[in-house]
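Dear colleague,

I am handing over the structure we spoke about, and I would be glad if you could look it over with the notes below beside you.

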Amino acid sequence: MNAPLRLDPDQARVRLAELTVVDVRTPGEYASGHVPGALNVPLDRFDQAVPALREAAARGGLLVVCQSGGRSATACARLAAHGVTVHDLDGGTSGWAARGHGLERPAGAPAKPVWAMDRQVRLVAGSLVLLGLALGLLVHPAFQLLSAGVAGGLVFSALTNTCGMALMLGKLPYNRGSAGAVDDLDATLARLRQGAGAGE
């Protein structure tokens, strides 16, 4: 198994022209702003992209990025399991922007940015915990099991470095971006196979 090579935002910026950048966030997050030239391959559809990503990595460097580094680490591990050497961007898109590097937005992207997935997960998980506690106090104590279930899910998520709630939230129209964003994966994979992405 090949461990991913980590690049900080400044190192990645210097090498951007020679790297194929793959953003594994949801299309909605991607449309809110991404590393220049990045191609969107959402993590929930990543497995079908592995052959094209392997081809892209064979031609040159492959940089995987998400919002803060968690999902890109998962993607890098999946690629490493297939023998593909990749680079992971330290700090993700947030780290890139924090260093003052510009982000691109697709034409026609909504003016209001989509919240990062980890922020959406925190909102939903916190709301469900509060709802379970409130219903447990006001209606019936059994509703507190909702809070316990969410807590158990969060512990499982941390132990396995997966997040079922993020996968479910990623399927909402809000996170899918434009109406054709899901279908755009085929076009993205074709671009990866043709060598598009590096230096764009």
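What follows is a short account of the sheet and of one helix.

Please keep in mind that this is a predicted model.

To begin with the sheet, five strands form an open arrangement in the order β1-β5-β4-β2-β3, and their pairing is parallel. Strands β1 (5–7) and β3 (39–40) stand at the edges with a single partner strand each, so one side of each is left without a neighbour in the sheet. Within this sheet, β4 (residues 61–65) and β5 (residues 87–89) run parallel and are joined by two bridges, and the residue in β5 that serves as bridge partner of V64 is D88.

Turning to the helix, α7 takes in residues 144–160, and its 17 residues, at 1.5 Å a residue, should span 24 Å, which agrees with the 25 Å that separates its end C-alpha atoms. The buried residues of α7 are S147, V150 and S157, and because they cover an arc of only 85° around the axis, they lie on the same side of the helix. Among the elements that cover these buried residues is α6 (117–138), whereas the face of α7 turned away from its buried side carries L145, V155, F156 and L159, which are exposed. Just after α7 comes N161, which takes a positive phi of about 55°.

If you follow the chain through α7, which residues would you find buried in that helix? They are S147, V150 and S157, as described above.

With best regards

Technical notes:
Residues are numbered from 1 along each chain as its sequence is written. This is a predicted model: local features need pLDDT of at least 70, side-chain atom pairs count only at pLDDT 80 or more; totals for chains, interfaces and linings use all residues. Side-chain values use heavy atoms; hydrogens and water are left out. Helices (H or I, at least four residues) and strands (E, at least two) are DSSP runs, numbered from the N terminus. The expected span of a helix is 1.5 Å times one less than its number of residues. Buried means under 20% relative accessible area, exposed over 50%, partly exposed in between (1.4 Å probe, protein chains only). The arc is that of the directions from the helix axis to the C-beta atoms. Contact means heavy atoms within 4.5 Å. Two strands pair if DSSP finds at least two bridges between them.
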